[in-house]
Amino acid sequence: MKKEDIESIVELLAIPKKIAIIPHRSPDGDAMGSTLALYHFLLKGNHQPTVIAPNEFPEFLAWLPGSEKVLIFENEKEKTTQLLQDCDLIFTLDFNALHRVGEMEKTLVQLKAPFIMIDHHQSPDNYATFTYSDTQFGSTCEMIYNFISFIKQKEHLDKTIATCIYTGILTDSGSFRFPKTTGTTHRIIAELIDLGVENTKIPMLLFDNNSYHSLQLLGRALQNMVVVPEHKTAYISLSQKELDQFQYVKGDTEGIVNYGLTIKGIDFAAIFIEHKDENIIKISFRSQGDFDVNQFARNHFNGGGHINAAGGKSYLSLKDTVSKFKELINEISI
């Protein structure tokens, strides 16, 4: 982050302010971990922070400290719009283009307050007054730790803030398995544990808290998996009918796409999930090695993300979306 930007932000934060903190739509562990970590940090500076999520976050993240304070834009549009209009400063975390907040974008583009973007995805837009963007990091939470260090306020780090940061690093690193997990990442994790983070409990809260129906849905997803060994690819599709059959709730499909990469010889995995209420097919892509799913998602499925993890969407039917994907993998080299 530029020295002059750090100095300007320090000056901004020297006086208590009304501050909004915004994650991307359908926030994951890194989005919620980073926003709540910053929320608790700003409270210590006598600010009035509010986390406003575009829509509901998954139930498996509801244990995060401060999650009960999060306002949902879709549920309280009038209240949250007024709060945003009254803010002195806006933080946007774990996304770098305003379309990632869905309908909330219409409100954000009209705000006069300065924006601070903290994000680790590729090709950031230029809406922010101050931008801390770096694709070398595996999570926005690791960048939040650095941000607090940059403004020389690490003395405010405590167990609560550390727990939120730890959660985002853990989830976005694939439990420390993804390539951007560095020695520095582990040194930060060690410091967070020293601050009191319950590193044996958090993985259980995140990954071992399944419902009976979510496990049934996982079983159906694995039954639906198609393996294309000649293209080192595996993909899964789930229809709205199947989601309804197994009483789907937000978060139930989290991580299912990764099962494809556990198959020997598979380097590219995808999942296609039908959401009829939004008239959309939501897509997740994962890869290992050099295949760039970020570029694949950007080129073909209105999405983006990282080299080895990206998302997308399709307005075609589920059947036609999968057919398009099958045609595409016949044309690429993985």
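Student: What makes the sheet of six strands in this predicted model an open one with mixed pairing, and which are its edge strands?

Tutor: The strand order is E7-E8-E9-E10-E12-E11. Strand E7 (226–228) and strand E11 (304–305) each pair on one side only, and these are the edge strands.

Student: How do you know that E11 pairs with strand E12?

Tutor: Two strands pair if there are at least two bridges between them. Two bridges join E11 to E12 (residues 309–314), so the criterion is met. The two strands run antiparallel, and Gly305 has Ala310 in E12 as its bridge partner.

Student: Which helix lies across E7 and strand E8 (233–238)?

Tutor: Helix H9 (residues 212–224) does so, and its direction makes an angle of about 130 degrees with E8.

Student: What span is expected for helix H12 (residues 318–329), and what does the model give?

Tutor: H12 has twelve residues, for which 16 Å is expected at 1.5 Å a residue. From first C-alpha to last, H12 reaches 17 Å, close to that expectation.

Student: Why are the buried residues of H12 said to lie on the same side?

Tutor: The residues that qualify as buried, under 20% relative accessible area, are Leu318, Thr321, Val322, Phe325, Leu328 and Ile329. They cover an arc of only 120 degrees around the axis, and therefore they share one side of H12. On the other side, Lys319 and Glu327 are exposed, a term that requires over 50%.

Student: What covers the buried residues of H12?

Tutor: The cover includes the strands E7, E8, E9 (268–275), E10 (280–287) and E12, together with helix H11 (293–300).

Terms used. Residues are numbered from 1 along each chain as its sequence is written. This is a predicted model: local features need pLDDT of at least 70, side-chain atom pairs count only at pLDDT 80 or more; totals for chains, interfaces and linings use all residues. Side-chain values use heavy atoms; hydrogens and water are left out. Helices (H or I, at least four residues) and strands (E, at least two) are DSSP runs, numbered from the N terminus. Contact means heavy atoms within 4.5 Å. Axes are lines fitted to C-alpha atoms, for helices over the stretch in contact, and angles run from 0 to 180 degrees between N-to-C directions. The expected span of a helix is 1.5 Å times one less than its number of residues. Buried means under 20% relative accessible area, exposed over 50%, partly exposed in between (1.4 Å probe, protein chains only). The arc is that of the directions from the helix axis to the C-beta atoms.
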